[in-house]
Amino acid sequence: MDQEELDRAAGCRHWLVVGGMVTAVLLPFIPLIIWSFARRWFFPALWPTEWSGRAWSYVFSPGSQVLPALLNSVLVATAVTLLSIPIGLTAGRAIGLYRFRGRTLVQFLILAPTIVPALAVAMGIHVAFIRYGLADTRLGVILVHLVPVTPYMVLIMSSVFANYNPDFEAQARSLGARPWQVFRFVLLPAIWPGLVVGSLFAFIISWSQYLLTLLIGGGQVVTLPILLFSFANSGDNPITAALSMVFIAPALLFLLLSSRYLQGRSAAIGGFGKL
Amino acid sequence: MKDRLRIPLLLAPALVVVVVFFVGGLALALLQSLGYMPIIGRYEVSLDAYRAVLRRPDFYQSLLLTAWIAGVSTAVSTILALLCALALRRAFRGRRIATFIFQLNVPIPHVVGAVGVLFLFSQSGFLARLAYAGGLIREPADFPALVFDPLALGIIFEYVWKATCFIGVILLAVLLSLGESYEDAARTLGAGRWQRFRFVILPLLLPGILSSSILVFAFTFGAFEVPLLLGQRFPSALPVLAYRSYTDVDLNARPEAMAMSVIIALIITILVLGYMRTARWAAGSGQS
Amino acid sequence: MTDVTLQGISKSYDGRVQAVADLDLTIPSGQITALLGPSGCGKTTLLKIIAGLLPPTAGEVLFNGRAVTAIPAEKRDAVMVFQNHLLFPYMSVLENVGFGLRMRGVKKKLIERRVAEMLALVQLPGYETRTPRQLSGGQQQRIALARALIVEPEVLLLDEPLANLDAHLRDEMRDLIVSIQRELGITTVFVTHDQEEAVILAQHVALMFAGRLAQVGPPADFYERPSTARVARFFGGVNFVEGVKRGTAVTTPLGVFCVDHSPLPDGPVLLTIRPENVALGCAAPENMVLARLESRLYAGTHTRLRLLAETAVPDAPPLPIEVTAAAAAMRQYENEQTLKLHFAPDHIWLVPAD
């Protein structure tokens, strides 16, 4: 029947799309994983002719550059995340709960770093950072990472507060709760999922930064992406591959954690789509 | 807390970050592009740097290449994202795994994606070896140049690889929150599958499509890491060109580097604003 | 004029949850039929099956004896109007109402003419250029109705058409639906959980519980001749007395009652009488119940009385009886604590024992 044929064709197309998507997403990871365990793998071999754990042992050995870079990345990303929380909470509350004059302008301003590329900003601010002794320091890198992180944190927290009912706070206060109690027992539990998601975003964004760290850190502050880049350019494929895997570990953790808090109809992501 | 003070106080931390670092950085870049550089004792302001940049042929070649990369990446990833989001919204066996894989590369940094693309697409890369095994080529040079190539195919692939999932996840969230009701209403009024897509799904998705593809365009135009790793030396993408001028030993090249980055920022801002205005006009007139 | 027949319709999900179970129903052509029932009883599922939006797990749907089960919703001549109207938010009223005709390739000029006709029919002439956002709830409902009627469907399906409206809008909408339906003669089916809505709108009611039909017939049947106690309760019947029937007499703990002829066989039955049909004061000893006043609730036009009647069974709790008395009738008994109630034989109805 006509309808059946249409349905079957649609079903074929469906599996083609899903299959194609899954293959395309997973494909780049395959040579990456294999290379990290390879010793000799020349063209045209499909499998490495010699395997070795050399790359991995290098990555985890205390003498290599990897551990200090890893430490730097963790320190910087954590500091950026912690700093971004009060920033996102306060601005998010203002934007999500209140309709004030200039709200659109403020939103536009705060979201601007997602559109305008970091290049001009980094190059421009570098001079000032040199002047104030922030260049080539971890603190400088942390501060400049706040630029790409803030818009996402504020966006997510605004979305959370838009769905938040402030009457709960009024109720708590009329029952005798003091401000810090209201914060701890009413506000925090209500916004907790959004806060976790925002923090994960902030961490990943800071973790992945290359240009900002390169320019402001000046080669003195070496984080994982900086190291990864130099290994990639050096042509040492096994170490590059192994380092890449270490680098994406938090990203995968992020996925596992956020899938608990983002179930399909997430307000944060959906809010994006209604910008 | 005084009511009138409350909102400005709440907004203060975020605004400080944005105004001091972001706007400040842009302002300083603008100043330096105009030649104002106290470090080397230059205090006059002039448009010399811009004139110099706009006279360079390699600037235009880079501009063209960057526009090409951004345009193709955005267009292809938007279409693919739409297809994937539509395919993932109804229930089917293995849907949870497929959706999980779809979200997989969103938090993966671009640098890693670029490395993966390098290993995959280079002339001695994984795909080349598969081609050899399939008897299609005999030596690496036979495999088409997909990285470090004039068409920037490797770069485009990496951007499409990431952007498709980024846009797709957003569209999927919007689709799921809309549900099937509007389509049901259209069905009983006689709308077939294609008509439902054209008159119901697409218009409802349009805001999401526009906002996410704008982000992708702005990013792929102004991003630096992927073209640095996967791109040809010459012509290189505009951000790479600007960076190279910046790190030039000759400090006098700085204003030109700044000028280039300001021009990049300006182009993106104008294009994005124009895009948004057209989108608002198109949505407002009720046509799709 | 199309009648709809449902034969053996079943709908289950994942082989476990059964929304509709082996249902047979004939919906008469040219009339308004209500699918009534508590939430979760399967009525909306049934409506969607008639519309073609959901395929039945088993059974056939017939329009005028023609099987339409295999025909998908977009090709079936049944149009559904949803509870939240679902006007396309990015289209004007003109584009919304004209949507069905546009899908069929009708020319623009003709669409404009037909839309004007429809808007006049739903009493919103000249609204073509407005957008859904600019309309009130009642107006949106009427535009949704116009959008459905413009394609001249054989069957009109309405999902809770009066649910989102406040009191006087309900009456307006109800009058509109009834007058349009009478003018166009379309077979109309609507779904509701409110028995009052069913009764004021429909000529034919099908009551469902848990995926099955409990009773089908004109609205009056449900008040005067409910088939079971559950049906009676759904329509507000509250006075149930257990008894044993023998011929036209029913023996109960409250005494022996004379009843009219009932189709039920002799044996255990439930005797029921509606609160508004219990008479205050009783001259003769037959069908009399003596009851103690427990509470009274004055409700303006009437008074609701709650009484307790002692039963002949020792140590058994007294039976609660509810009476709705008109204000005038109450005046006599203002200060009485014990009342004589009369269960007239023609007001007593028997249903099978639970």
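**Exercise 1. Which helix gives the most to the lining of the largest cavity?**

Solution. Keep in mind while working that this is a predicted model. Begin with the search of the whole structure, which finds five cavities of 30 Å³ or more, and then take the largest cavity, which holds about 70 Å³ of space. Next, list the residues that line the largest cavity: B:Arg89, B:Leu175, B:Leu178, B:Gly179, B:Tyr182, B:Glu183, B:Val200, B:Ile201, B:Leu204 and B:Leu205. Then assign residues to helices: in chain B, helix H7 (153-178), helix H8 (181-188) and helix H9 (193-222) each supply at least two residues of this lining. The last step is to find the main contributor, and this is H9(B), which gives four residues. If the lining is sorted by class, it has seven nonpolar, one polar and two charged residues.

**Exercise 2. Describe the interface of chain B and chain A, beginning with contacts and ending with the classes of residue.**

Solution. Start with the contacts, where 87 residues of chain B meet 88 residues of chain A. Continue with the area buried between chain B and chain A, which is about 7,700 Å², with carbon and sulfur atoms giving 83% of it. Now look for charged pairs across the interface of chain B and chain A: the rule, which asks for a side-chain nitrogen of Lys or Arg within 4 Å of a carboxyl oxygen of Asp or Glu, finds zero salt bridges there. Polar contacts do occur, and the count between chain B and chain A is eight residue pairs, both residues being at pLDDT 80 or more. On the side of chain B that touches chain A, helix H1 (residues 3-33) of chain B gives the most, with 20 residues. Finally, the residues of that side of chain B divide into 67 nonpolar, 13 polar and seven charged.

**Exercise 3. How many salt bridges does the rule find across the interface of chain C and chain B, and which residues and elements of chain C take part in the interface?**

Solution. First set out the contacts, in which 24 residues of chain C meet 19 residues of chain B. Chain C and chain B bury about 1,900 Å² between them, and 63% of this is on carbon and sulfur atoms. Within chain C, the residues that lose the most area to chain B are C:Glu74, C:Tyr90 and C:Met103, which together account for 34% of what that side buries. The rule finds two salt bridges across this interface, and one of them joins B:Arg187 to C:Glu74, with the closest N and O atoms 3.0 Å apart. As for polar contacts, chain C and chain B have seven residue pairs, both residues at pLDDT 80 or more. Four elements of chain C, namely helix H1 (43-51), strand S6 (78-81), helix H3 (99-103) and helix H5 (137-149), each supply at least two residues of the side that touches chain B. Of that side, H3(C) gives the most, with four residues. Sorted by class, the residues of this side of chain C divide into 16 nonpolar, two polar and six charged.

**Exercise 4. Where is B:Pro235 found, and where is the place of C:Leu86?**

Solution. Take the proline first: B:Pro235 is in the loop between helix H10 (225-230) and helix H11 (238-246) of chain B. The peptide bond that joins B:Phe234 and B:Pro235 is cis, with omega about 0 degrees. Turn then to C:Leu86, which lies in the loop between S6 and helix H2 (93-97) of chain C. Although C:Leu86 is not a glycine, its phi is positive, at about 50 degrees.

Terms used:
Residues numbered from 1 in each chain as written. Chains lettered and ligands numbered in written order. Heavy atoms only, no water. Contact = heavy atoms within 4.5 Å. Buried area = accessible area lost by both parts, 1.4 Å probe. Polar contact = N/O pair within 3.5 Å; in protein donor to acceptor, adjacent residues only side chain to side chain. Nonpolar A, V, L, I, M, F, W, Y, C, P; charged D, E, K, R; others polar. 1 Å grid on protein atoms, 1.4 Å probe; cavity = no way out; pocket = protein on both sides within 12 Å on 5 of 7 lines; lining within 4 Å. Points joined across faces, edges and corners; volume = space filled by probe spheres on them.
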